[in-house]
Each structure stands twice: as C-alpha cells, then as structure tokens.
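Biologist: I'm new to this and would love a close look at a single part of this protein. Could you walk me through its cysteines, and then show me the pocket too?

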Amino acid sequence: MRSLNSSLSSKDSSRIGRGGGEDQMCYRASPFLISFTLLLSLPFLFLLLPCILPPLFPLPDTISPADELDDLSVLRRASASSLSHLSSSSSSSSSLKIAFLFLTNSDLHFSPLWQRFFRDDRSRSLFNIYVHADPSANISLPPARSVFHGRFIPSKRTSRASPKLISATRRLLAAAILDDPANFYFAVLSQYCIPLHSLEYVYRSLVTSTTFDSSIATAESAQHGVRLRYNSYIEVIDRSPRLWKRYIARGRYIMLPEVPFDKFRAGSQFFTLTRRHALMVICDRSLWKKFKLPCYREDTCFPEEHYFPTLLSMVDRRWLTGYTLTAVNWTGTVNGHPHTYGPSEVSPELIQRLRASNHSESYLFARKFSPDCLAKLMEIADNAIFEE
C-alpha cells in the first residue's frame, strides 16, 4: 500500500511538475504575446484615434484669436443695425436690392464682363457690390471708372479646406447688411463666375417673378400677381457617399451635440440668400464654434460646403429651395475642383446649355471659367448672354 501511495505521489508530482513547467512557459510567453499584439494594433489605433479625439496635429490654417474677435465685432454691429429691418414683409419690392458678394484670392478676371452686366445707370438702384479680396494675394485695384472701385471691404487671408472661407463669407454678408438696409438678396460669387443673363433678368427673377422658382407652387408664392414668398437659393444635400468622412474630419464625436450626423448637410458655397437667412448666418455662434475647429486631413475637410446648408436647414429648412442658381460642371473633376471651361468651349450654345435648370426657369450664374476666356465671352456678351 505504501509503495502504491508512493508511486501515485511520485506520478502526481511528476505530472504537477510538468504542468507547472508548461504554466511557467505560458507565463514567460505572455509578455511577448502582449507586446506582439500591441504592435499589431498600432496601425488600427492611428486610424481610430482621429475619429474619437480632437486633432493632436491639425491642419495649420486656423483662425487666429485676433481675427476671431475682429469678425465678432463686425457681426455684432451688423446684427444690431438690422433689427429695424428684420421683417421682409414690411419692404416694398420696388425698393429691394441685390447684393453681389465677390469672394476672391486673385484679380477679378471677368470684371469687364461684369462691368457690362452692371452698365446701365438706370439699374444702379437695383444692386450693390462688395468684394472680399485675400490681402496676401497680389490683387490689382480697379480703376476709378470701374463698378468695383471702392467696393472692397476689410478682408482677411483665406484658404481652401479651412474655416476662413466661412469667415470671409460672413464678413461679406455683414458688410452688405451694414451698408444698405435695402439689400434683400445676397448672391455669393467668385472671380471664376460669370453671369448668364442681364441684370434686369436676374433682378426680375429674384424679386418680382411669381413663376421663376419651381420648387414652390405659384399659389403659395403669390396672390393676385403679387409676390408673397421669398426663398433662399442654396443647395442642400443630405445623402452622399462622402458625407460621413467629412462629418468625422475633426473627430468622430467632435460635432456633437450641436450637429448630429443626421442633420449634417452639404452644398455649394455659391448661393443666394434672403436677408432673413443672411441675418441667421451672421448671428450664429453655436454651429460656428464647431465648424471653425481644425480638421485632420485636407481631402475630407471642406467646411465652407457644409456650414451654410447645415445651419440653415436646421433652423429654417422650409424657406430653402435646396438648389443653387450657379451652374457648375462636375464632369472630370480634379482634386475636388469642377470642370474649368477654356476659350475653345465658349460659345452661345454653351451659354444656353448652362442656363438649363430642372429647378427654376434658368440658372443665373455659372462657373468655372479660366481667365483666358474673357475675350471670347466679351465677343458673345451682347448677343448671347445679355440679350433675352
């Protein structure tokens, strides 16, 4: 019995010893496995952290505190000055003006064409012009006889894929609101934009026509031939394959709680707003503090294409058309830029094609044209562009 017990004890001890050895081997292997696992997970951490945390190394082109304070001062003055003109229904359509807001970082290449667009002295009571020109660019000031002379507002440096384009647009809106209480529509344009019609046609379409906007029924927009409803012409896109990547460009949860993903919108930065919506833009602080935050990557960060449609659709969607009045060709896009028309493409037929719209009686403006198109555009201006 003793020998049997001794034998069993010996076998158990041997088994336990071997088991202990295996356990020790596993224990020794554990740090290696942990280190190896962590090493493999590093690429995933680099991919996931930008979606969760604020940028550690954001894009450098942010708005300085000094520029932010200066902008805030201008916006506050504009919003305060407009209190007595807040109601659009109190204005007569005969006194309403269109503010043409040019956002540029180079010379106004098509200023001779726009000069002809604004040429009629009898039309001076219909519009105002404002230009935000990047001070870091070498921009020639227009001569005294130009309609652009004296129309440049105090400007700040701008750059693509940064909130500075939003800031510049807000400064333009504020300058126009401060300058003339009769400014009712605000059309944002660039140095690459051209008109597709005469000024008289544009004014009639925006201010007096009861049939121009096909997004609303005539019975809703007018009564007894009198215009009752004025919408803002701004593109609002709520479905796009790239929308999610753009939403998390600053971090997965950074836009919350002010901007949940289901409220995030996209649209062209070239729009035409009513005074009501222009005031909403310059008075906003809540969404601006989110959209001014820096992004991680330039290829997914286009705040100027998201801030305006997101803000306005969240607060007043019913009064937005959902489309823009500036025609653009996205065929063959390069680095996020639309097709740029060259001189060989300019013709009366091109103007007719660019006018065609599924949402309104016509597009009013078009982009993007290379500067060397000017001569060809001037040739066809009177007969193809300004002749109705």
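Modeller: Let's start with a term: a disulfide here is a pair of cysteine sulfur atoms within 2.5 Å. Chemically speaking, it's a covalent bond between the sulfur atoms of two cysteines. Keep in mind that this is a predicted model. The structure holds 1 disulfide, and the partners are Cys295 and Cys301. Their sulfur atoms sit 2.1 Å apart, so the pair falls within the 2.5 Å cut-off. Look along the S-S bond and you'll find an angle of 55 degrees, which makes the link of Cys295 and Cys301 right-handed.

Now, how much of each cysteine can be reached from outside? Buried means under 20% relative accessible area. Cys295 has 2% relative accessibility, so this residue counts as buried. Its partner Cys301 is buried as well, at 3%. Two other cysteines are worth a glance: Cys373 comes out at 0% and is therefore buried, whereas Cys283, with a relative accessible area of 42%, is partly exposed.

On to the pocket. The largest pocket has a volume of about 1,300 Å³. It is lined by 45 residues, and the closest to its centre are Arg160, Glu305, Trp330, Gly336 and Pro338. Strand E1 (97–104), helix H7 (243–247) and strand E10 (326–327) each give two or more residues to the lining, with the largest share, 3 residues, coming from H7. Sort the lining by class and you get 20 polar, 14 nonpolar and 11 charged residues.

How values were computed: Residues numbered from 1 in each chain as written. Predicted model: local features only at pLDDT ≥ 70, side-chain atom pairs only at ≥ 80, totals over all residues. Heavy atoms only, no water. Buried < 20%, exposed > 50% of the residue type's maximum accessible area, 1.4 Å probe, protein only. 1 Å grid on protein atoms, 1.4 Å probe; cavity = no way out; pocket = protein on both sides within 12 Å on 5 of 7 lines; lining within 4 Å. Points joined across faces, edges and corners; volume = space filled by probe spheres on them. Helix = DSSP H or I, 4+ residues; strand = E, 2+ residues; numbered from the N terminus. Nonpolar A, V, L, I, M, F, W, Y, C, P; charged D, E, K, R; others polar.
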